[in-house]
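This report describes the overall form of a protein and then turns to its interior and to selected details of its backbone. The structure should be viewed alongside the text.

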Amino acid sequence: MSEKRQLKLGAFIMATGHHISAWRHPASQADAGHNIDHYKDLAQTAERGKFDLVFVADSPAGWERAKDPEALRRSSQGAHFEPITLWAALSQVTSHIGFVATASTTYEDPYLLARKFASLDHISKGRAAWNVVTTGADVSKNFSIPGHPAHADRYERAEEFVDLVKGLWDSYEDDAFVRDKASGVYLDPDKIHQLNHQGKFFTVSGPLNVARPVQGYPVIVQAGASEPGREFAARTAEMIFTANQTLEDAQEFYSDVKGRLGRYGRSTNELLISPGIFPVLGGTEKEAQEEYDYIQSLIHPSIAWTILERQYKGIDLSGYSLDDRAPPLPQNTELNKSRLKLVTDLVERNNLTLRQLYLAVAGARGHRTVVGTPEQIADAIEDWFNNGAADAFNIMPPILPTGLTDFVDQVVPILQRRGIFRTEYEGQTLRENLGLSRPANGLALPALQRKAV
């Protein structure tokens, strides 16, 4: 008999918590963005709960609210640690949990990125993962380049970028380093591979100056849900972070992306799909709703309008009040196409006012919000897991650190009693715990050769 399918869990960490006004909550750590002890406690709490990974969102984008001094004055989300540096430190105070760092294929360099992630995988003893993003925001002025590439161009560049990084990770074979003191032989030159890659976007000679990562490749994560994003994930990703509001939408995404794997010679268990969930816990439904209402009450009007302006880029909202029906969202964007569709569906499905819209995205940003008891949160997770909508979940606590601690202490034991979540780690590396195989050396070379010019 085959083993029972097991749920995977990630802790999606946003400094003070996922709610946009979390820093004002009495239970939050207000200086969290620059408090290493806070992140240390979170990583250790997640590991105590047997989570597979911790993840922080990151972007090379500048601080867009700087144009509005009042909103800037009231927001806590402008400054936080760079993730590779953070995870390297936290890998030393944990032993099993994986670390997912976001890095952009539009604004990073393949050689430097390959070097950083290979180093993190060695430092963490095989617990690194790369969240591959193409970056929707135009931050080209910070990077001395002519302008922000179009959506389609960003994904084309990303394909070559990822293949190139994998090729660099394959610079050394697993047993290239002999280190025989008696003979004086340190490495075998026949097991070093120089890429000499010349493609449409990149020219990189190699080899990398870091040994092959412990996991072969750090786990590849992706978060785009547009048509190019889905295809890119089916070809490249091993885990997808996604946002869905309804079971039906989640099932459609799950079925669609899994259905694309065969054309790349991949099986359905080689890609894990992980929706985000924003859990608001209470001892009773009433207590949970009261907590949610309180968090929502902390949103200052200037922050509310900033949230809306972010959704309605290029549209003048000055003639509207918060209690007016939300106007149609812009249909064309070169930014985050999948998130625009998600918010558009949310508005149209529920006929929202502008006030209802900003409240709906102030915490979960389009991810699923569940307000209830620990049993109800567990029910919501199990329902999607058992009905073709998810292999894993990214837990998005509204307030940190309490939201993660409460989930670990109150929800995880229920999932364990139901037999769908581990009580002990299966392995030492992130790949082992996620049930993903270690890639063979040289796997990226055929793809790189196709991209050579």
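## Overall form

The protein contains 15 helices and 13 strands. Its radius of gyration is 22 Å, close to the 22 Å that the globule rule gives for 453 residues, so the protein is as compact as a globular protein of that length. The model is a predicted one. Along the principal axes, the C-alpha atoms fill a box of roughly 75 × 55 × 40 Å.

Of the 453 residues, 54% count as buried. The protein exposes about 19600 Å², and carbon and sulfur atoms supply 50% of this area. Contacts between residues at least 6 apart in sequence can also be examined: 78% of them join residues at least 24 apart. The protein carries 48 positive and 57 negative charges, and the mean positions of these two groups are 2 Å apart.

## The interior

In soluble globular proteins, nonpolar side chains tend to be buried together. In this model, the largest nonpolar core has 71 residues. Those with the most contacts inside this core are Leu-9, Phe-51, Trp-130 and Trp-169. Helix 5, which spans residues 151–169, gives the most to this core, with eight residues. A second, separate core has 21 residues, including Ile-20, Ile-307, Ala-326 and Leu-340.

Which residues are in contact with Leu-9, leaving aside its neighbours within four places in sequence? They are Phe-51, Asp-52, Leu-53, Phe-393, Ile-395, Phe-407, Val-412, Leu-415 and Phe-421.

Helix 6 (residues 227–236) is largely enclosed by the rest of the structure, because eight of its 10 residues are buried. The buried residues of helix 6 are Gly-229, Arg-230, Glu-231, Phe-232, Ala-233, Ala-234, Arg-235 and Thr-236. Charged residue types are thus found among the buried positions of helix 6, including Arg-230 and Glu-231.

Ala-392 is found in strand 13. At 1% relative accessibility, Ala-392 counts as buried, since the cut-off for this term is under 20%. Not counting residues up to four places away in sequence, Ala-392 touches Leu-7, Lys-8, Met-239, Ile-273, Ser-274 and Pro-275. The C-alpha atoms of Ala-392 and Val-370 are separated by 16 Å, and these two residues are 22 residues apart along the chain.

## Details of the backbone

The table lists backbone angles at four places.

| Place | Feature | Angle |
|---|---|---|
| Gly-206 to Pro-207 | cis peptide bond | omega near 0° |
| Leu-400 to Pro-401 | cis peptide bond | omega about 15° |
| Ala-15 | positive phi, not a glycine | phi near 25° |
| Ser-144 | positive phi, not a glycine | phi about 55° |

Pro-207 is placed in the loop between strand 8 (203–204) and strand 9 (219–222). Pro-401 lies in the loop between strand 13 (392–395) and helix 13 (402–417).

Ala-15 is located in the loop between strand 1 (8–13) and helix 1 (36–48), whereas Ser-144 lies in the loop between strand 4 (128–133) and helix 5. Are Ala-15 and Ser-144 buried or exposed? Ala-15 has 17% relative accessibility and therefore counts as buried. Ser-144, at 77% relative accessibility, counts as exposed.

Technical notes: Residues numbered from 1 in each chain as written. Predicted model: local features only at pLDDT ≥ 70, side-chain atom pairs only at ≥ 80, totals over all residues. Heavy atoms only, no water. Helix = DSSP H or I, 4+ residues; strand = E, 2+ residues; numbered from the N terminus. Rg over C-alpha atoms; globule rule 2.2 N^0.38 Å. Buried < 20%, exposed > 50% of the residue type's maximum accessible area, 1.4 Å probe, protein only. Contact = heavy atoms within 4.5 Å. Areas by Shrake-Rupley, 256 points an atom, 1.4 Å probe, with all protein chains shown as cover. Charge placed at Lys NZ, Arg CZ, Asp CG, Glu CD. Core = buried A, V, L, I, M, F, W, Y, C linked by side-chain atoms within 4.5 Å.
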